[in-house]
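Trainee: Got a minute to go through this one with me? I'd like to start with the charged contacts.
Mentor: Sure, let's pull it up.

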Amino acid sequence: LAQGIVHWAPPPAVAEAVARAAAEPDTSAYGADDGMAELRNRLAEKLQKENGLEGVSVMVTAGANQAYTNVVVAVLDAEDGAVLFA
């Protein structure tokens, strides 16, 4: 996992759409840690239909940092320790 860094500006229409969406109450707050339910359900359906995967759990994160944190929280117990190398 790594952070994506874009070295160019988005098309003007995309920037305008993002600005409009950011002003909406439903899109300007933090979402669920596992992502939007509708998106997760659609991805699970796609994996079942096109890839033959049954009973999959799908998580959609806002980026690598959130994905890593979610994995650590899922794997470690409260009394566990972890060492992170930079």
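Trainee: So how many salt bridges does a search of the whole structure find?
Mentor: Three. Keep in mind that this is a predicted model.

Trainee: Which residue does arginine 40 meet in a salt bridge?
Mentor: Aspartate 34, with 3.6 Å from N to O. Arginine 40 is buried at 18% relative accessible area, because the cut-off for buried is under 20%. Aspartate 34 is partly exposed at 28%.

Trainee: And what about arginine 42?
Mentor: Its side chain forms a salt bridge with glutamate 38, at 3.7 Å from N to O. The two are four residues apart in helix 2, so about one helical turn separates them. Arginine 42 is exposed at 53%, and glutamate 38 is exposed at 52%.

Trainee: Which residue pairs with lysine 46?
Mentor: Glutamate 50, at 3.8 Å. Those two also sit four residues apart in helix 2. Glutamate 50 is exposed at 57%, while lysine 46 is partly exposed at 35%.

Trainee: Switching topic: which residues make the nonpolar surface patch?
Mentor: Met36, Leu39 and Leu43, covering about 270 Å². Leucine 43 belongs to helix 2, residues 37-51, and is partly exposed at 34%.

Trainee: Any pockets worth a look?
Mentor: The largest pocket holds about 300 Å³ of space. It has 13 lining residues, and Met36 is one of those nearest its centre, along with Tyr30, Gly31, Ala32 and Gly35.

Trainee: How does the lining divide into nonpolar, polar and charged?
Mentor: Seven nonpolar, five polar and one charged.

Terms used. Residues numbered from 1 in each chain as written. Predicted model: local features only at pLDDT ≥ 70, side-chain atom pairs only at ≥ 80, totals over all residues. Heavy atoms only, no water. Patch = residues over 30% accessible without salt bridge, like charges linked within 9 Å, V, L, I, M, F, W, Y side chains within 5 Å. Areas by Shrake-Rupley, 256 points an atom, 1.4 Å probe, with all protein chains shown as cover. Salt bridge = Lys/Arg side-chain N within 4 Å of Asp/Glu carboxyl O. Buried < 20%, exposed > 50% of the residue type's maximum accessible area, 1.4 Å probe, protein only. 1 Å grid on protein atoms, 1.4 Å probe; cavity = no way out; pocket = protein on both sides within 12 Å on 5 of 7 lines; lining within 4 Å. Points joined across faces, edges and corners; volume = space filled by probe spheres on them. Nonpolar A, V, L, I, M, F, W, Y, C, P; charged D, E, K, R; others polar.
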